[in-house]
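Thanks for coming, everyone. I'll keep this brief. Please have a look at the structure first.

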Amino acid sequence: MHELYLAQELLNQVLQSVSDHPDAKVCAVEIEVGPMKQIVLEAMELAWRSVVEGSLADQSVLHQVEVPITAQCRNCTRTFEAAIDSYQCPECRQADVQIMKGHEIILKSITLEEIKAGEREQGASH
Amino acid sequence: MNKVQVIESVLKANDAVARANRHRLHQQGILSLNIMSAPGSGKTSLLEQTISHLPHDCRSAVLVGDLQTSRDAERLSRLISQVTQINTGSGCHLSAAMVADGLDSLDLTQVDILFIENVGNMVCPAAHDLGEDARVVLLSLPEGDDKVAKYPTLFQPADVILLNKMDLLEILGFDCGSVRADLSKINTRAPLIPISCRSGVGLDEWLRWLTNRINTSSVE
Ligand SMILES: Nc1nc2c(ncn2[C@@H]2O[C@H](COP(=O)(O)OP(=O)(O)OP(=O)(O)O)[C@@H](O)[C@H]2O)c(=O)[nH]1
Ligand SMILES: [Mg+2]
Ligand SMILES: [Zn+2]
């Protein structure tokens with residue numbers, strides 16, 4: 001549901017990160033997706049397609065890598081892999097955890113390609 | 001080809017504003033609660049009941065988020081003066097920046113407790129930190145006893161869970177045991193308090209939780 005908003009935030013961040021590479025365009029963006037953000041990967045892909053249009057990241061490929069949820073039990077401090085629908089500690093059976101990983105979307109890398117002179121002119125003509 | 005390594009949270013902008021909100025509220029000694037649920041679970045009703053039962057020396061303010069209308073703010077401003085409606089337009093949740101703007105509209109020197117009523121939605125609000133101290137999640141009986149399992153990301157970070165509209169228990173045949181069973185896997189930390197904003201049942205226990213929270217935060 002909030003994919004469009006996230007795609008926009010992501011694009012802002014990508015453009016900011018590459019602002020010191022004026023002669024390059026973005027051809028790929030890699031993100032790590034925590035399951036707790038409840039992103040629908042297909043919807044995120046569509047949202048990305050629509051927000052990048054006309055920007056330096058137009059035509060860029062979005063690589064989404066899902067990571068598991070890592071939780072730490074507040075009761076017995078055990079760290080374990082939780083599931084989206086279960087945060088029960090395998091040690092003490094409590095479900096009182098601190099989420100260590102899996103509740104974030106992290107921008108990992110941006111792949112840039114130099115804009116060739118001809119391409120830039122072409123781009124400027126329309 | 002040139003690969004730039006970044007490693008930054010995509011909600012960095014929101015998180016930074018949320019941290020600033022939290023800091024600003026703490027500086028003023030204000031406890032803040034983010035109230036979340038599906039549309040119509042009774043968030044505004046809960047605030048109406050809570051505000052009228054709080055001790056007089058506990059001054060409250062409300063920021064209330066809705067896609068459209070200022071109806072909730074109108075309801076609440078019958079009880080207190082510091083109420084601001086935030087219209088999110090097409091946005092399905094409040095963001096930290098909207099809350100920051102909302103805070104500008106309030107006189108924070110006259111507030112002890114801030115209630116933030118989020119947009120009615122069980123998915124998106126849970127993903128956005130606003131800078132609150134605690135998360136209050138409501139589930140009302142007409143929504144069905146399977147909702148904890150269906151929306152785990154809303155219930156997992158909750159600090160207290162209110163089961164509202166208990167006056168309808170018999171008509172609906174709602175199974176509280178099934179909610180407890182689901183919570184045993186998702187959140188055993190938050191107390192589950194059955195309430196009814198209509199009959200008033202359970203509100204004393206909720207107010208005890210709240211007063212306790214106010215007292216512990218002022219000690220910190
Ligand atoms: N029977 C019954 N009805 C209730 C109770 N609490 C709230 N309601 C009714 O439920 C409806 C929705 O209540 P609101 O308080 O407006 O719910 P809300 O969560 O603020 O709704 P949104 O802001 O639109 O998401 C209203 O008609 C209330 O009168 C309750 O305990 N029992
Ligand atoms: Mg409301
Ligand atoms: Zn444990």
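I'll go through the ligand site and then the salt bridges. One caveat up front: this is a predicted model.

Ligand 1 first. Which residues come nearest? Of the 19 residues around ligand 1, they are K43(B), T44(B), S45(B), D167(B) and C197(B).

Now the polar contacts. A backbone N or O atom of G40(B) sits 3.0 Å from an oxygen atom of the ligand. D72(B) brings a polar side-chain atom to 3.0 Å from a ligand oxygen. S196(B) does so with a polar side-chain atom at 3.3 Å from an oxygen atom of ligand 1.

How much of ligand 1 does the protein cover? On its own, the ligand has 650 Å² of accessible area, and the protein covers 75% of that. Two elements give two or more residues to the shell: helix 2 (43-53) and helix 3 (71-77) of chain B. Helix 2 of chain B gives the most, with three residues. As for character, the shell holds three nonpolar, eight polar and eight charged residues.

On to the salt bridges. Over all chains, the count is 16. I'll take three of them.

Start with R74(A) and D96(A). Their side chains meet at 2.8 Å, N to O. R74(A) lies in the loop between strand 3 (69-73) and strand 4 (79-82) of chain A, and D96(A) in the loop between strand 4 and strand 5 (97-101), so the pair ties together parts that are 22 residues apart in sequence. Buried or exposed? R74(A) is partly exposed, at 39% relative accessible area. D96(A) is buried, at 15%.

Next, E91(A) and R78(A). This salt bridge is 2.7 Å, N to O. The two residues are 13 apart, with E91(A) in the loop between strand 4 and strand 5 of chain A and R78(A) in the loop between strand 3 and strand 4. R78(A) has a relative accessible area of 35%, which makes this residue partly exposed.

Third, over to chain B. R75(B) and E48(B) form a salt bridge at 3.1 Å, N to O. R75(B) is in helix 3 and E48(B) in helix 2 of chain B, 27 residues apart. Those are the two helices I named for the ligand shell. R75(B) is partly exposed at 28%. E48(B) is also partly exposed, at 22%.

Last point. Which residues do shared salt-bridge partners join into one network? R74(A), D96(A), D159(B) and R189(B). Happy to take questions.

Key. Residues numbered from 1 in each chain as written. Chains lettered and ligands numbered in written order. Predicted model: local features only at pLDDT ≥ 70, side-chain atom pairs only at ≥ 80, totals over all residues. Heavy atoms only, no water. Near = heavy atom within 4 Å. Polar contact = N/O pair within 3.5 Å; in protein donor to acceptor, adjacent residues only side chain to side chain. Areas by Shrake-Rupley, 256 points an atom, 1.4 Å probe, with all protein chains shown as cover. Helix = DSSP H or I, 4+ residues; strand = E, 2+ residues; numbered from the N terminus. Nonpolar A, V, L, I, M, F, W, Y, C, P; charged D, E, K, R; others polar. Salt bridge = Lys/Arg side-chain N within 4 Å of Asp/Glu carboxyl O. Buried < 20%, exposed > 50% of the residue type's maximum accessible area, 1.4 Å probe, protein only.
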